[in-house]
Amino acid sequence: MEIRHLRYFLAVAEQLNFTRAAELLHVTQPTLSQQIVDLESQLGVQLFQRGKRGVSLTSAGTAMLEEARAILARREQCLQRMAGFQKGDVGTLTIGVLEFFEDTLLPELTLSLRRRHPGIRVLWQQYPLEQLRDNLANGKLDLNFTIIPQHFALNGVVKTVVTNDRLALVLPKGTEFDSVEVFDPIRFSALLARPLFLWKEWYQDEAGQLVRKLHEFCPALDVRPTEKINFCLMNTLIENGYTILPYHVVINIKQSHFSYFRLPFEEAELDTALLYRSDNQNPCIPYFMEEALRFLSLSQ
């Protein structure tokens, strides 16, 4: 049994007239009659009672009418849904977020997208920086919402800047470096003599230019790469040292033990950005990016 059999049957069942049904279907009456005979043969039941007074449905035909309408309606729903996937307004986007990074933008943007494109499902997942990069590269993530230096080169990746950010120097409260309002090179050089607990993932790549800049102020810079951000903070307190973190990360830590100031160097400038691979074929991405840019323009 094929879809055309159901369409032909439905036309005759609704018109109860082979001639009018054939005209609606743009086929000849003998062709239509033969298709109905074939359908009845396949089902093993008689669907229509044919007589001098016209055509009527048998009991089996009445039951078949209900089934045919349901099947054709379900087929149309399926076609519409698949068309939605093809267009990109139905599907799933998996978006990676940097650990320790929180922003009211994420839920607000997701809700805004859902209102305009309810068929797109967004999955947010938090990862360390290195895993965030790897999962974008291997296709496990469609997009990254992350913090990245403005100078950092990206090959094969589309970058859309959300907001600008800056690295901040974080140190224990109660030191002589609290509440630094104006950059003082002499005081800054003295501060840099303390142990610097630098987030290892950031130190390996992104912070390279900044570290070279800090060496200009303190040639004997004591850099101690540290596995996790919370270890950087813990060691900063224990060793009376300091750490350097993105300002967006700092303000979300919500700990009262630290003071901080944003570094006044070009090498400390960051972007909060959405990243996706230029060869990613997920059709939902253009809808998400369009909504993200629209939402961000309204938020500014």
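**Salt bridges, strand pairing and burial in the predicted model**

Lys213 has a relative accessible area of 21% and is therefore classed as partly exposed, the limit for a buried residue being under 20%. The model is a predicted one. Glu216, the salt-bridge partner of Lys213, has its closest O atom 3.5 Å from the closest N atom of Lys213. With a relative accessible area of 57%, Glu216 is exposed, because the exposed class covers values over 50%. Both residues belong to helix H9, and because they are three residues apart, about one helical turn separates them.

The structure contains 10 salt bridges. Side chains of opposite charge can pair when their charged atoms come close. One of the bridges is formed by the side chains of Glu14 and Arg69, with an N to O distance of 3.5 Å. Since Glu14 is located in helix H1 (residues 3–15) and Arg69 in helix H4, this pair ties together parts that are 55 residues apart in sequence. Glu14 is partly exposed at 46% relative accessibility, and Arg69 is partly exposed at 43%. Another salt bridge joins the side chains of Glu269 and Arg166 at 3.3 Å, N to O. Here the parts tied together are 103 residues apart in sequence, because Glu269 lies in strand S11 and Arg166 in strand S6. Glu269 is partly exposed, with a relative accessible area of 24%; Arg166 is also partly exposed, with 22%. In addition, salt bridges link Arg116, Glu291 and Arg294 in a network.

The protein chain has 12 helices and 11 strands. Of its 300 residues, 44% are buried. Among contacts with a separation of 6 or more, 75% are made by residues 24 or more positions apart. The chain has an accessible surface of about 16200 Å², and carbon and sulfur atoms contribute 50% of that area.

Strand S11 covers residues 269–277, and seven of its nine residues are buried, so the strand is largely enclosed by the rest of the structure. Two antiparallel pairings involve S11. Strand S5 (residues 143–149) pairs with S11 over six bridges in the antiparallel sense, and nine bridges connect S6 with S11, also antiparallel. Thr272 of S11 takes part in the register of both pairings: Ile147 stands opposite Thr272, and so does Thr163.

A further antiparallel pairing brings together strand S1 (residues 48–51) and strand S2 (residues 54–57), joined by four bridges. The two strands are connected by a hairpin of two residues. In this pairing, Gln49 stands opposite Ser56 in S2.

Helix H7 (residues 185–192) contains the buried residues Phe188, Leu191 and Leu192. Viewed down the axis of H7, the buried residues fall within an arc of 95°, and they therefore line one face of the helix. These residues pack against strand S6 (157–172), helix H9 (208–217) and strand S10 (258–262).

On the surface, a nonpolar patch is formed by Met1, Leu43, Val45 and Ile71, which together have about 310 Å² of accessible area. Within this patch, Ile71 is placed in helix H4 (residues 59–87). Ile71 is counted as partly exposed because its relative accessibility is 34%. Helix H4 thus holds both a member of the nonpolar patch, Ile71, and Arg69, the partner of Glu14 from helix H1.

Definitions and conventions
Residues numbered from 1 in each chain as written. Predicted model: local features only at pLDDT ≥ 70, side-chain atom pairs only at ≥ 80, totals over all residues. Heavy atoms only, no water. Pairing = 2+ DSSP bridges. Patch = residues over 30% accessible without salt bridge, like charges linked within 9 Å, V, L, I, M, F, W, Y side chains within 5 Å. Areas by Shrake-Rupley, 256 points an atom, 1.4 Å probe, with all protein chains shown as cover. Salt bridge = Lys/Arg side-chain N within 4 Å of Asp/Glu carboxyl O. Buried < 20%, exposed > 50% of the residue type's maximum accessible area, 1.4 Å probe, protein only. Arc of directions from axis to C-beta. Contact = heavy atoms within 4.5 Å.
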